[in-house]
Protein chains: 2
Amino acid sequence: MNEQQPSIDIVAKHQTTLDHAIQAVKTRKSWSPFKDSPSTKIHGPEKPGLGKAAFEAHLHQPFSLDLPGIKGWAGEEVSPFTQQKLGITYPLCDPHATITAAKSSMTDWAKAAPNLRVSLCLEIAERMYDRNFEMAHSVMHVAGQSYTQAFSGSGPNALDRGIEALAYAAIAMDNVTPSAQYHRMFGREEVNLEKTYTLVPRGIGLVICCASFPTWNAYPAMFASLATGNPVVVKPHPIAILPMALVVETCRATLAEFGFDPNLVTLATDTLAEPIAQQYIDHPDVQIIDFTGSPRFGNYLESTVTRKLLYTETAGVNSVVVESVDNLAESMRAIARATCLFSAQMCTSPQVVYVPKEGIKTAQGHVSFEQVAQTIVSEIDVIAQDPKLAAGIMGAVQGQVSLDVVEAAAAMADEQGLSILRHAKPYNHPDFPNARTRTPIVISATSEHKQMYSEERFGPVLFIVAANSGNDAAQEATELARTRGTISCYMYSTDEDYIDHWVDVYAQVGANLTINLTGAMWINFAAAYSDFHVTGLNPAGNACLADLSFVASRFRIAQRRRPITEGAA
Amino acid sequence: MNEQQPSIDIVAKHQTTLDHAIQAVKTRKSWSPFKDSPSTKIHGPEKPGLGKAAFEAHLHQPFSLDLPGIKGWAGEEVSPFTQQKLGITYPLCDPHATITAAKSSMTDWAKAAPNLRVSLCLEIAERMYDRNFEMAHSVMHVAGQSYTQAFSGSGPNALDRGIEALAYAAIAMDNVTPSAQYHRMFGREEVNLEKTYTLVPRGIGLVICCASFPTWNAYPAMFASLATGNPVVVKPHPIAILPMALVVETCRATLAEFGFDPNLVTLATDTLAEPIAQQYIDHPDVQIIDFTGSPRFGNYLESTVTRKLLYTETAGVNSVVVESVDNLAESMRAIARATCLFSAQMCTSPQVVYVPKEGIKTAQGHVSFEQVAQTIVSEIDVIAQDPKLAAGIMGAVQGQVSLDVVEAAAAMADEQGLSILRHAKPYNHPDFPNARTRTPIVISATSEHKQMYSEERFGPVLFIVAANSGNDAAQEATELARTRGTISCYMYSTDEDYIDHWVDVYAQVGANLTINLTGAMWINFAAAYSDFHVTGLNPAGNACLADLSFVASRFRIAQRRRPITEGAA
């Protein structure tokens, strides 16, 4: 292990970053070691082109990874921007061979110093940042994120969530002193013991990634498990493998370079026809499961997995309550932008906007429900009608399934006589004429149609619901959060008493709440180190990015003790 | 809530204790705010008699607790010392009423400041220490612990485990800043947000207590849940209710005195004929389950409970490896004492001693397997033959079931032609002529009889197994730990290379190891703040007393954020 002995250097190299990250999670201020803009002013003129070329070089090629137990090759990725197959194939591995190799990799890794493990994860993060233009194109062409979003959201913002998890892992491990001396009188005898506390990793960590935003949850899960001594098997979604293949490639190269077994990180590719996750889930050596994906499968895992750690982030139905506003256009623009961002394929995208049916107060006087709804529609139109703006914000729709969701919502609205305030339409992507695009459908509803709008609809579908009152709106929103789950809720109110009353209820149902936010920041932007993501208190998932509970059980403590003797001390 | 406003005083009152406890868990030095000897030099001349009288006043009376939903009274405790019924009855409550009351109690408690909740738990601990003579007699007469052990092990030592959990709860909660300011440029706009992070308790905590050592695991579970804002339902073992009734009584009185709803802590008594635990386990409002008890039920919970936090401590098969010793008599005395302590009814009691069949090296030269075994027997005899010593160490056997275990072991040994080196016998308790007592049976075996000695036998049964070699002994011991679970393992060796090699294996199988310990301290004494208890890496349980993972998931974090405005800031 570690024949080149670079461990001291690598720990020293990343110490400042780690210190800052720990400081950031404690203060929850804004911080990042990275820049999340793709500007050449930051990255120089070469990198964008080199990154694009690196992405293109993967196309129509096998993705070479020297994994254990390769028994075939497959790949079925289709770009949402070109609607062409990427033609990349990935090794299909025998789960038994993967697990055996992962287990065997664990011995040396478990013995490595915690700060060395953390530092190697930081090194991986740094190298992924260096590959981030390649990553941006890779994410675009499997997930449909716009170039700028793929660059930031799937790059630095995701790496930051990973480093945040590393900070908590470092805090949790540092909380266990490696040794102690124990002196106590028992009767008239002084007993003097030396005690040693060993951090023992729990076992193989399985990281099941989602298709639309794979790196964002994968980095924290991978780094949390790796830092605490566990090997990681990455199970990418079969339609979004490339981003995770890049990550696994960099992890393996980095670990090998520093003298560790590359099989600490493996890629368990499967196909839509032959899913493989369950074989890992059931294996007793897999002790940690991190899952991001559909509520259906997450729910299945939550109700079946025992004797293992399970961390889930699925999805819920996010709501906005508009009780009163200062500036109507600014507030509705904020909602419209959040609805348009990545065509509402985000776990933080709003789906339901509650507005009192009698209308709301604004600084410019009373406005009707219809005016509020129409302002949201207008603000969506501003984006939808400008192809360049739409391309940067909406990107593409990952799969036909999300277009079907939109169609189904439209059909149901028609069926139930609901007014469709805005029809979903493709927009013309300026760079990719074949891009699968769709601007949001906006449907006007009342509480009677609860069944319709309280189902999660993964795609650009927005309901504006006429509530009986502001209090009814918040009541419905929090009940929706409690029963259907939510990851982000939003509220607009100029009434401080109203806000004061409802924030407690939102907290109790585990709804993270953004109040009165307008302006340049996306209201559904969640910043690592500062914003906790998922509370674990409602059906949208059981794990939080990131807190101590996300890391503290990934390792255990074994102790030994013996009398202090002159020979042994 | 809290009309008397004594919160600041109570926080200040316990601040130093909390600070010391946090310091102790970080350094894992020897520390306690309590004295664990019942000496009148410490407690004054009055307390022992008053405590005994307080215990006796409970006998043949209903134990008055103003619990919600009382629908009857029952009690079936029998003293292992007198073999007479205690005649105490306890309220039987409707689980639905208990859960409704607990849930309702949670609102104010969740809003109370974390340090106030921690301080009230410390206040409860202090009051329980004040009642400790009463507790000692109560534990004696339900569990069978000797007076001194009941006083220390079920009193200060158990309270220390509770305060240890409080220290971790304080650390974990303190890790979440209550608020932050966030400043970041988005494009050319500076965004300034204020963020609030609210600790939200998870839900009702169910604490299922064991019969032989109820308080030791109950305090940490109760305090960990209470401190993090959760109400607690205590489900005592139906043959050992009184100690937990005392605890619940003190909790309720203390909470009420400080303005909180006493239903934050309730007692869910049941009977052997009509067990009630499952009704609580299945209830969706019960979100945390702490279980101490049989491996059978623990295993059942571990394989069935989903969507809830589950912390288990069950039992395993603890082993001793005797590879070589300095002083034979001293080492074997340590093993003999651990075997005799509470008639081996402890989760840390050794059950199997592995000794190389060719004998071992000692400072006085080579001794045979038979000599090693005989020395253990002689050292047990020293205790068994002195009724006063035996009474202080062995106490009584809690139930007929443990006598049956001893009988069964003897019968199996006879059947398989194994040599019984020492027969189990009652000893005459000097104070209680009717006490149910039994000194340990000692059986000589070889690896062939693995099936016999590798089953957990809860009672005074010790196997001395002839191993092929010292390495084989440790190999068998660690394999036993991995497959059957263990809470404490013991090793005697003068060979540092041997120790160095095997400590890693013990750690990997999650066996806490005590090496070469002799003298006044019981080798199976586990000190709160210093010794981690249960690793969670083998079948003996999944929870550790106490580490961050024991507390970090008992609360969740809900956040809200909003722009900083002059009005709101």
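**Briefing: A:Val442, the ten-strand sheet and the two-chain contact**

Apart from neighbours within four places in sequence, A:Val442 touches A:Val377, A:Ile380, A:Ser419, A:Ile420, A:Leu421, A:Arg422, A:Leu462 and A:Ile464. The model is predicted. A:Val442 belongs to strand 15 of chain A, and that strand is part of an open sheet of 10 strands with members from chain A and chain B. The two chains are related by a turn of 180°.

**A:Val442 and its surroundings**
- A:Val442 has 0% relative accessibility, so this residue counts as buried, the cut-off being under 20%.
- Across from A:Val442 in strand 15 of chain A stands A:Arg422. A:Arg422 is also among the contacts of A:Val442.
- A:Lys35 is 407 residues from A:Val442 in sequence. In space, the C-alpha atoms of A:Val442 and A:Lys35 are 35 Å apart.

**The sheet**
- The strand order is 14(A)-15(A)-16(A)-11(A)-10(A)-17(A)-18(A)-19(B)-4(B)-3(B). Pairing is mixed.
- The edges are strand 14 (419–422) of chain A and strand 3 (179–186) of chain B. Each of these edge strands pairs on one side only.
- From one strand to the next, the twist averages 25°.
- Strand 14 of chain A pairs with strand 15 (residues 441–446) of chain A over three bridges. The sense is antiparallel.

**The helix across the sheet**
- Helix 14 (residues 369–384) of chain A lies across four strands of chain A: strand 11 (350–356), strand 14, strand 15 and strand 16 (461–467).
- Helix 14 of chain A runs at about 165° to strand 16 of chain A.
- The contacts of A:Val442 include A:Val377 and A:Ile380, and helix 14 of chain A covers residues 369–384.

**How the two chains relate**
- Chain B can be laid on chain A with an RMSD of 0.0 Å, by a turn of 180° and a shift of 0.0 Å along the axis. This is the relation of a two-fold axis.
- Of the interface residues of chain B, 100% are also interface residues in chain A, so the copies meet through the same surface.

**A:Glu302, a link between the chains**
- A:Glu302 sits in helix 12 (residues 295–304) of chain A.
- Its relative accessibility is 11%, so A:Glu302 counts as buried.
- The side chains of A:Glu302 and B:Arg307 are joined by a polar contact of 3.1 Å.
- Leaving out neighbours within four places in sequence, A:Glu302 touches A:Leu310, A:Thr312, A:Gly541 and A:Asn542 in chain A, and B:Thr306 and B:Arg307 in chain B.

Conventions
Residues numbered from 1 in each chain as written. Chains lettered and ligands numbered in written order. Predicted model: local features only at pLDDT ≥ 70, side-chain atom pairs only at ≥ 80, totals over all residues. Heavy atoms only, no water. Least-squares fit on C-alpha atoms with pLDDT ≥ 70 in both. Contact = heavy atoms within 4.5 Å. Pairing = 2+ DSSP bridges. Axes fitted to C-alpha atoms, helices over the stretch in contact; angles between N-to-C directions. Buried < 20%, exposed > 50% of the residue type's maximum accessible area, 1.4 Å probe, protein only. Polar contact = N/O pair within 3.5 Å; in protein donor to acceptor, adjacent residues only side chain to side chain.
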